[in-house]
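Hello,

Here is the structure I promised to pass on to you. Have a look at it first, and then read my notes below.

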Amino acid sequence: MIVCIAEKPSVAKDIARIIGANSSHDGYMEGNGYQVTWTFGHLCELKMPEDYTPVWKAWSLSALPMIPPKFGIRLKDDAGIKKQFAIIESLMQKADGIINCGDAGQEGELIQRWVMQKAQAKCPVQRLWISSMTDEAIREGFATLKDQNEYQSLYLAGLSRAVGDWLLGINCTRLYTIKYGQNRQVLSIGRVQTPTLALIVNRQKEIDNFKPEPYWVLATVYRDTTFTATSGKFTSKEEGEKAFATIEGKPFTVTKVEKKNGKETPPSLYDLTSLQVDCNKKFGFSAEMTLNIIQQLYEQKLTTYPRVDTTFLPDDVYAKCPQTMNGLFQVKFAGQSVYADLVKALGGKPLQKSKKVFDSSKVTDHHAIIPTGIVPQNLTDVQRKVYDLIARRFISVFYPDCKFAQTTVLGDVDGVEFKVTGRTIIDPGWRAVYAKDAQTDDDEKKPEEEERTLPAFVKGESGEHTPTLTEKMTTPPKYYTEATLLRAMETAGKLVEDEELRRAMKENGIGRPSTRAAIIETLFKRHYIRKERKNLLATPTGIELIDLIREELLKSAELTGIWEKKLRDIEAKKYDPMQFIDELKQQVTEIVREVIGDTTNRRVTVTTEEDLKVKKKRATKSTASDSSAKKSATKSDNSPLSQRGAGGESAGGESGDSLAGQPCPVCGQGTIIKGKTAYGCSRWKEGCTFRKPFEQ
């Protein structure tokens, strides 16, 4: 008998149906020579300190650093998990072979390997590796099963990550809590969460310490067109007035008219981070909410594997793209054919194959997120929004470039040069897919990139003009939003606008696409950060925690990015996992020694639930007074606190409250609601079993 083990019951049912295991039993299905069983995500975890020695149960500085001679795993202390594991163990002990049908990624590999190790499975193991949950993909996967040893480096990378997080997280959390936490609050330290918090804190300090400075801009209006002086801004009013006096009353002369044709290529396909960024910008969805939704679409067979960090497709997917397009042609939302006209415009000729889309060398385990071609039915509103982004992005990459004409006009007034730029779209190309919503990566387009048609200027023409000298103030950097924080995590805190350079820096990003959403949620849960509208702000606890951490290793995004690169190299068989662990052991030992030796008697302010509730009440008043002010006069928005963030998230960032209003991860149809002791699904009367107790 061959035992197949999937990561959740719904996936197991799909696999069982395809391979003919149609007889249901308690905890598994059977038939056609197969037994198909499942886990519920992590059944096993690394042992806790007290599992190694009773001395490590009490939190004590004298016990640090805690470095086990050998790491072990244990079964989670949950009755349901123990019951399911007993079934899995019994099946595996009698199996002739095992097929690992876990999620096809690093975490999925680790989850299933630990279960097999705990069950002491001895038989040969094969790996099902698929990029979508369609029937065709599952059949192809079973026809091309791999030996598990081919994924050994993936497992070692996941194991190294887990052990590294244990070493740093448990030791440093106990260390900082005992030393600085006043015995009132656990000060959680993490390999990724702490440098992520540092990004937010450092940005906030830049804003708080920013001192606006005035500057003056010289411009002039000629033929109803505003030209700006190319000499830049003036730092003193006297300089500006002197330049203004130079040109006042003198004629404006056009010195150059330059016309250039340009092209703009379609945006890249989505990886998980870019999808989370767009969903946050366009719909206000949190990173975690987007991940939950795209996971649902994947399990409904509508989109491909979501936890990816590549924007490319392998060359062999090209042959399947016309079939996917045919599926999109049939999609209807509210009775309307959404993509039919867009797909029809590509008909009659082969789809273009661009190296910016199809490049097998840029794809490892999984490719970019694309639709499968299966026609969606009964999507929720939030699911439809995410699906629509993915579908339009897929269609757009087969459209031609957007063609535009750019006109640059230079003028002169008594030696002072002025410039204006205009752009006219000649052929919208891929932008037709987005119609009015043509913005992709940057919601805030630069003025010169906006479509603007200029009058027909002729070199040598001259005439009267109206000069202006405008006083402006320098502005501070912007607070992080979840969208901009995800980008910063992707590039280890460096501001990178160029798409190709950003791709190159992904190897040194902090966290992985699949874990960044959870990291942000952890910062909310620990009361290290809170939300004001879309802006992420650090709490006093978060600020003081980063201030007292002197060890750059713990809070530097760049150094953490180097760790991430080593983990990726372990996966690529370029780095020894034991060396990675040994380096971390040494680093943790040094951090413990330095912190214990600190004699400054510093402490961290505790931010409580009550503190956050007070901020919410102030926010409500601020919002109300702001609304009243807007009725009497128009003024700039000062970003008052909103009582609830977009997508149902609490502005206070409480971990639990961030669940309320999100799509149910079990049925995908209802939304999460808050009960007296736990969170559940709004469709509980219809039989949905989702339940998550409040964390204590």
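**A small tour, starting with a sheet**

Strands β21, β22 and β23 form, in that order, an open sheet of 3 strands with antiparallel pairing. The edges are taken by β21 (672–674) and β23 (691–693), each of which has a single partner strand, so one side of each is left without a neighbour in the sheet. From one strand to the next, the twist averages 25°. (Axes here are lines fitted to C-alpha atoms, for helices over the stretch in contact, and angles run from 0 to 180 degrees between N-to-C directions.)

Before going further, please note that this is a predicted model, in which local features need pLDDT of at least 70 and side-chain atom pairs count only at pLDDT 80 or more, while totals for chains, interfaces and linings use all residues. Residues are numbered from 1 along each chain as its sequence is written, and side-chain values use heavy atoms, with hydrogens and water left out.

As for the terms, helices (H or I, at least four residues) and strands (E, at least two) are DSSP runs numbered from the N terminus, and two strands pair if DSSP finds at least two bridges between them.

Back to the sheet: β21 pairs with β22 (residues 678–681) in the antiparallel sense over 3 bridges. Ile672 stands opposite Cys681, and Ile673 has Gly680 as its bridge partner. On the other side of the pairing, 3 bridges join β22 to β23, again antiparallel, with Ala678 opposite Pro693. Ala678 and Gly680 point one way from β22, Tyr679 and Cys681 point the other way, and all are buried (under 20% relative accessible area; exposed is over 50% and partly exposed in between, with a 1.4 Å probe and protein chains only).

**The cores**

The largest nonpolar core (buried Ala, Val, Leu, Ile, Met, Phe, Trp, Tyr and Cys residues joined through side-chain atoms within 4.5 Å) has 151 residues, and Tyr176, Leu328, Tyr339, Tyr387 and Ile395 have the most contacts inside it. Helix α6 (residues 152–180) gives the most to this core, with 12 residues. Leaving aside neighbours within four places in sequence, the contacts of Tyr176 include Leu187, Leu545, Ile549 and Val595; contact means heavy atoms within 4.5 Å. A second, separate core of 17 residues includes Leu218, Tyr222, Phe227 and Val416.

**Two residues to look up**

Thr468 lies in strand β18 (residues 466–473) and counts as partly exposed, at 31% relative accessibility. Its C-alpha atom is 5.9 Å from that of Leu218, although the two are 250 residues apart along the chain. Beyond its neighbours within four places in sequence, Thr468 is in contact with Val217, Leu218, Ala219, Thr220 and Phe244.

Glu482, in helix α14 (residues 482–490), is buried, with a relative accessible area of 1%. Its side chain reaches the backbone nitrogen of Ala287 at 2.7 Å and makes a polar contact with the side chain of Lys531 (3.5 Å). A polar contact is a pair of N or O atoms within 3.5 Å; within protein, one must be able to donate a hydrogen and the other to accept it, and residues adjacent in sequence count only if both atoms are side-chain atoms.

**Helix α16**

Among the buried residues of α16 (residues 513–525) are Pro513, Arg516, Glu521 and Phe524. Their cover includes α7 (193–208), α9 (272–283), α10 (287–299), α14, β19 (529–532) and β20 (535–538). After α16 comes His527, with a positive phi near 65°.

Best wishes
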